[in-house]
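Me: I should like a close look at a single part of the model below. Please concentrate on how strands pair in one sheet and on what surrounds an edge of that sheet.

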Amino acid sequence: MRLSRYFMPVLKETPAEAQIVSHRYMLRAGMIKQASAGIYSWLPLGFKVLRKIEDIVHEEQARAGHIAIQMPTLQSADLWRESGRYDDYGQEMLRMKDRHGRDMLFTPTAEELVTDIFRSHVGSYKDLPLTLYQIQWKFRDEIRPRFGVMRGREFYMKDGYNFDLTKEDALHAYNRHLVSYLRTYERMGLQAIPMRADSGPIGGDDTHEFLVLADTGESEVFYDSEITDLKFGDREIDYDSHEQCQAVLEEFTSRYARTDETHDEALFNEVPEERRRTARGIEVGQIFYFGTKYSEPMGATVADADGNRVPVHMGSHGIGVSRLLGAIIEASHDDKGIIWPEGVTPFHCGIVNLKQGDDKADAACEALYASLTALGLEPLYDDRSERAGAKFAGMDLIGLPWRITVGPRGLKNGVVELTSRRTGESEELPPEQAIERIAQIYGRASV
């Protein structure tokens with residue numbers, strides 16, 4: 001993409017309503033625009049990152065054997081009355097009537113709807129285990145929406161639902177989701193710590209939240225510092241293996257880590273004093289096992305091996321896709337702007353032409369742009385007739401991990417400058433070597 005042709009309405013001043021870093025930078029970088037309180041339009045740069053995050057979530061869900069569907073944003077209130085949960089959400093649920101006077105609601109979550117799909121089409125234990133998930137817009141009418149996409153009323157969320165014959169099988173689904181979530185967050189450059197949490201109106205006894213440590217986090221968290229040394233890394237896990245998934249669960253949840261809602265001071269004091277930590281955390285996902293809470297009242301049963309009808313055991317599992325943009329920025333920024341991890345960056349690198357209109361500089365930038373594009377990479381070429389300082393400030397604000405700077409002086413020596421946004425370190429290289437370096441970083445074969 002050429003910046004002269006891109007729609008990226010950068011703001012020079014920080015809007016007064018932006019109270020935290022992610023909200024300020026998302027507005028200033030032209031990623032979002034507020035439509036009304038807690039509701040945003042996603043502009044091109046923000047939308048690209050949203051799609052990058054969504055793609056990672058889909059890939060890791062598929063790796064775990066989960067199947068994508070798409071459910072409607074509007075649901076019938078009758079399903080929620082059937083489960084007995086219609087009043088649990090109180091005023092957070094946006095209720096409405098259609099033209100025929102039927103009670104409807106804008107989806108805050110979809111346990112009832114997916115249970116209705118299951119009971120309509122699955123009748124035998126032989127069809128289990130089954131996990132269905134979607135990535136869909138949700139709405140919760142927050143009394144005080146704030147912090148941009150971190151606590152909005154409309155949000156984009158992955159919600160998955162497992163159906164299993166026994167509690168043992170359903171807890172394996174729980175563990176499988178924990179493993180897939182660890183992989184998902186690490187691919188985004190995040191350390192999201194699973195913490196014992198409260199189930200709220202979803203219900204169930206087994207639940208963990210995934211929290212990213214950040215000063216602006218909504219939740220107070222208490223944890224053993226050893227947990228921050230854990231990394232999932234590139235290990236391969238057989239998602240069908242109960243033993244392997246259980247081992248990962250034990251590895252990542254055996255140390256103390258809880259939100260303020262479930263904090264136990266006595267247990268926390270058993271952690272060696274030098275390892276006790278108190279901080280703030282941003283919730284970016286949660287997993288639940290709630291057994292037959294929905295299947296029993298809604299008649300979601302299957303025939304077991306003996307021909308008896310039994311209610312299935314269920315769980316639900318969410319990832320805040322739109323919220324993750326804010327969490328990543330809160331965890332990865334400096335006073336100049338965003339610093340995107342390579343896994344979610346909207347463009348793989350920036351190309352800055354220091355002297356637009358100079359034949360040699362223009363030609364070199366065009367050659368870099370064509371070569372990177374041919375490798376399947378997406379460069380953002382700042383081809384505007386702006387001063388160099390403005391171009392650098394813009395690139396720093398939007399936070400692309402790498403920048404290639406091209407100018408007449410360097411070209412006389414046959415080099416361009418490759419700069420890391422995270423470290424600020426620069427290196428002069430021949431253009432072809434800069435291309436090769438970018439290709440290696442993103443795992444592309446250079447030509």
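Reply: The account below starts with the order of the strands, goes on to the helices packed on them, and ends with one residue.

The model is predicted, so that local features require pLDDT of at least 70 and side-chain atom pairs pLDDT 80 or more, while totals for chains, interfaces and linings use all residues. Residues are numbered from 1 along each chain as its sequence is written, and side-chain values use heavy atoms, leaving out hydrogens and water.

Five strands (DSSP runs of E, at least two residues, numbered from the N terminus) make up an open sheet. Read across the sheet, the order is E20-E19-E21-E22-E23, and the pairing is mixed. Strand E20 (379–382) lies at one edge and strand E23 (426–429) at the other; each of these two edge strands pairs on one side only, where pairing requires at least two DSSP bridges between the strands. From one strand to the next, the twist averages 20 degrees.

Further inside that order, strand E21 (residues 402–406) and strand E22 (residues 416–420) run antiparallel and are joined by four bridges. One of the partnerships between E21 and E22 can be named: Thr405 has Glu417, in E22, as its bridge partner.

Two helices (DSSP runs of H or I, at least four residues) accompany these strands. Helix H10 (residues 359–374) lies across strand E19 (349–353), E20, E21 and E22. H10 runs at about 165 degrees to E19, the angle being taken between N-to-C directions on a scale from 0 to 180 degrees, with axes fitted to C-alpha atoms. Helix H11 (residues 388–398) also packs on the sheet, where E19, E20 and E21 are the strands touched. The direction of H11 makes about 170 degrees with that of E19.

At the edge formed by E20, a closer look falls on Pro379, which lies in that strand. Pro379 counts as buried because its relative accessible area is 2%, and the limit for buried is under 20% (1.4 Å probe, protein chains only). Which residues does Pro379 contact once neighbours within four places in sequence are left aside? With contact taken as heavy atoms within 4.5 Å, the partners of Pro379 are Met1, Phe347, Cys349, Ile351, Tyr369, Leu372 and Thr373. Cys349 and Ile351 fall within the span of E19 (349–353), whereas Tyr369, Leu372 and Thr373 fall within that of H10 (residues 359–374). Gln75, by comparison, is 304 residues from Pro379 in sequence and 42 Å away in space, C-alpha to C-alpha.

Notes
Buried < 20%, exposed > 50% of the residue type's maximum accessible area, 1.4 Å probe, protein only.
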